[in-house]
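User: I am new to this protein and would love a close look at one part of it. Could you pick a strand, walk me through its surroundings, and then show me how it fits into the whole?

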Amino acid sequence: MASDVDNSAAGFQFVPPRSLHAGWLTCRLIEAGDADYLYEAVLASMEHLRPWMPWVTGYNREMADEYVSQALRVASGRPAHEAIYVPTDSENRFMGSFGLHARLGPGALEIGYWVDVRHTCRGVGTLSAALLTEAAFSITDVERVEIHHDEANRASGTIPERLGYERLASHRRKPEAHAEVGIEVPWRMLRSNWPSSEAAKLLATLRQE
């Protein structure tokens, strides 16, 4: 899973769309009642997330409440450094957490994510990341979107690859979780490349069905 820990770049803020939709999936900003679903999803996915997400260690209900509380402050309609989205299906099932983060400097947003293990292999990650990429480019002044992951997390890397992101040069960093090898792989989508990207084509196809 790509990291969703926030290290916001000072000064750059944005107002995110409240809801994103294509095909069978909707991504909406997190809501007050989501703490229960979040807590349940993390517990169910604990072994799935632990190798890549350092915050899983010691995870408890209070952490879920604080995460939602912080995200709600951001989802107030005012400019903020991040936006946390919840992907749901036609039965309104909570399927993970996806974020747009202003931690790369002005004009750029990074997507971080994890998917509930009970909903993997359904395309949740790919479709949600496509929707968040589209949402990012709907925001004035955003010229690039990036996804970063550890080189060992190959499953996470398949998402930007499928969506037509460009893989950039990797670089070393201190590992944050036990399965990481300390080589960060960044992927980039430029605004100019978005209209012809596989991500844009995927959304267009789903919206025609």
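Analyst: A residue is called buried when its relative accessible area is under 20%, exposed when it is over 50%, and partly exposed in between, using a 1.4 Å probe and counting protein chains only. The model is predicted, so local features need pLDDT of at least 70 and side-chain atom pairs pLDDT 80 or more, while totals for chains, interfaces and linings use all residues. Numbering starts from 1 along each chain as its sequence is written, and side-chain values use heavy atoms, leaving out hydrogens and water.

Let's choose strand β4, residues 96–101. Helices (H or I, at least four residues) and strands (E, at least two) are DSSP runs, numbered from the N terminus. Six of the six residues of β4 are buried, so the strand is largely enclosed by the rest of the structure. G96, F98 and L100 point one way, S97, G99 and H101 point the other way, and all of them are buried.

Now look at the strands beside it. Two strands count as paired if DSSP finds at least two bridges between them. Strand β3 (residues 82–88) runs antiparallel to β4, with four bridges joining them; in that pairing, G99 of β4 is the bridge partner of I84. The loop between β3 and β4 holds N92. Its phi is near 60°, a positive value in a residue other than glycine, and N92 is exposed, with a relative accessible area of 53%.

Strand β5 (residues 108–115) also pairs with β4 in the antiparallel sense, this time over six bridges. Here L100 stands opposite I111 of β5. The hairpin of β4 and β5 has six residues between the strands, and G105 there takes a positive phi near 100°.

Moving on from β5, the loop between β5 and α4 contains C121. C121 is not a glycine, yet its phi is positive, near 65°; C121 is exposed, with a relative accessible area of 85%. Helix α4 covers residues 124–137, and 13 of its 14 residues are buried. Its end C-alpha atoms are 20 Å apart, which agrees with the 20 Å expected at 1.5 Å a residue (1.5 Å times one less than the number of residues).

After α4, V142 sits in the loop between α4 and β6 (144–150). At 0% relative accessibility, V142 counts as buried. Contact means heavy atoms within 4.5 Å; leaving aside residues up to four places away in sequence, V142 touches F12, G107, L109, A136, F137 and R191. V142 and F14 are 128 residues apart along the chain, but their C-alpha atoms are separated by 9.0 Å.

Finally, step back to the whole protein. It has six helices and nine strands, and buried residues make up 51% of its 209 residues. Among contacts with a separation of 6 or more, 68% are between residues 24 or more positions apart. The C-alpha atoms fill a box of roughly 40 × 40 × 35 Å along the principal axes. The radius of gyration is 16 Å, which agrees with the value near 17 Å for a compact globule of 209 residues (taken over C-alpha atoms; the rule is 2.2 Å times the number of residues to the power 0.38).
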